[in-house]
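This report describes the fold, the interior and several individual residues of one protein chain. It is intended to be read beside the sequence and the model.

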Amino acid sequence: MHFKESITFLTRFAKSPRRIGSVAPSSKFLTRAMLDRVDWDNANFIAELGAGTGVFTREIVKRAKPDAKILVFEIDPALQKMIRDEHPNHKGLTLYSDAQELRKYMTENDITKLDFVISSLPFTVLPHKMTLRILNGVLATLKPGGHFVAYQYSSLMKHVLQKKFSHIKTRFVAFNIPPAFVYDCWR
């Protein structure tokens, strides 16, 4: 499946590089860096923003408690279909297209606050107002002590994240195409 994922991802990137943001799915090294610090025992309500081919979605489903509610956002219809096809019977997973509508879909799913939000969104290539709407939505929906983790291919977002979150840790993952900065942020 990895080869098929890579081809699909590259094709989608070629059609819309500003929406996809990368030429390849995330590596297992980036996946570990993004998900290993999550307190899975206490993660009941989870959101994933910019799921792509579902690399992180797959790991979230494996690691999350069976009764966790997982809201997955992916704007590309072909990539949505890949995720839907891979997780057809997962009762706690729901798929949406617009991460700017996070609060709306939380309400629809009777979720008041999120424990954890993971983001693969290419914030540096999104319109600035959209980036701020998404980040403000994340801040408004995370519970106190909630965890937001995002990766970016440059350190340009660090300053923005420092203004929004009270505590941030940054890590660099070299074994990814391209290499990435991981931002662990807490409210």
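Over which residues does pLDDT stay under 50? The stretch is residues 18-23, and for these residues the model has 26 contacts beyond four places in sequence. The structure is a predicted model, and pLDDT averages 89 over the protein. At least 70 is the score of 87% of the residues.

**Overall fold**

Eight helices and seven strands are present in the protein. Of its 187 residues, 50% are buried. Contacts between residues at least 6 apart in sequence join residues at least 24 apart in 68% of cases.

The seven strands form an open sheet with mixed pairing, in the order β3-β2-β1-β4-β5-β7-β6. Strands β3 (93-96) and β6 (167-173) are the edges, each of them pairing on one side only. From one strand to the next, the twist averages 15°. Within the sheet, β1 (residues 45-49) and β4 (residues 114-119) run parallel and are joined by four bridges. Glu 48 has Ile 118 of β4 as its bridge partner. Packed on the sheet is helix α7 (residues 128-141), which touches β1, β4 and β5 (142-152). The direction of α7 makes about 150° with that of β5.

**Nonpolar cores**

Which residues have the most contacts inside the largest nonpolar core? They are Phe 148, Leu 161 and Phe 165, in a core of 29 residues. At least two residues of this core come from each of β1, β2 (69-73), α6 (102-108), β4, α7, β5, α8 (158-164) and β7 (180-186). Helix α7 supplies the largest share, four residues. Leu 161 touches Leu 135, Phe 148, Ile 168, Tyr 183 and Cys 185, when residues up to four places away in sequence are not counted. Another core, of 25 residues, lies apart from the largest one and includes Val 38, Ala 64, Val 72 and Ile 83.

Helix α3 (residues 28-35) also has buried positions, namely Leu 30, Thr 31, Ala 33, Met 34 and Leu 35. The elements that cover the buried residues of α3 include α4 (55-63), β4, β5, β6 and β7.

**Individual residues**

The following table lists relative accessible areas for three residues.

| Residue | Location | Relative accessible area |
|---|---|---|
| Leu 79 | helix α5 (residues 77-86) | 0%, buried |
| Asn 109 | loop between α6 and β4 | 14%, buried |
| Asp 110 | loop between α6 and β4 | 67%, exposed |

Why does Leu 79 count as buried? Its relative accessible area is 0%, and buried means under 20%, so Leu 79 falls within that class. The C-alpha atoms of Leu 79 and Thr 53 are separated by 5.3 Å, although these residues are 26 residues apart along the chain.

Is Asn 109, in the loop between α6 and β4, buried or exposed? Asn 109 counts as buried because its relative accessibility of 14% is under the 20% cut-off. A polar atom of the Asn 109 side chain lies 2.7 Å from the backbone oxygen of Tyr 105. Leaving out residues up to four places away in sequence, Asn 109 touches Lys 69, Leu 71, Thr 94 and Tyr 96.

Asp 110 lies in the loop between α6 and β4. With a relative accessible area of 67%, Asp 110 is exposed, because exposed means over 50%. Asp 110 is not a glycine, yet its phi is positive, at about 55°.

Which two residues does a cis peptide bond join? The bond joins Ile 177 and Pro 178, with omega about -15°. Pro 178 belongs to the loop between β6 and β7.

Strand β7 contains Trp 186. The C-alpha atoms of Trp 186 and Leu 142 are separated by 8.9 Å, and the two residues are 44 residues apart along the chain. Neighbours within four places in sequence set aside, Trp 186 is in contact with Gly 145, Gly 146, His 147, Phe 165, Ser 166, His 167 and Lys 169. One of these contacts, Phe 165, is also among the residues with the most contacts inside the largest nonpolar core.

Key. Residues numbered from 1 in each chain as written. Predicted model: local features only at pLDDT ≥ 70, side-chain atom pairs only at ≥ 80, totals over all residues. Heavy atoms only, no water. Pairing = 2+ DSSP bridges. Axes fitted to C-alpha atoms, helices over the stretch in contact; angles between N-to-C directions. Contact = heavy atoms within 4.5 Å. pLDDT = per-residue confidence, 0-100. Core = buried A, V, L, I, M, F, W, Y, C linked by side-chain atoms within 4.5 Å. Buried < 20%, exposed > 50% of the residue type's maximum accessible area, 1.4 Å probe, protein only. Polar contact = N/O pair within 3.5 Å; in protein donor to acceptor, adjacent residues only side chain to side chain.
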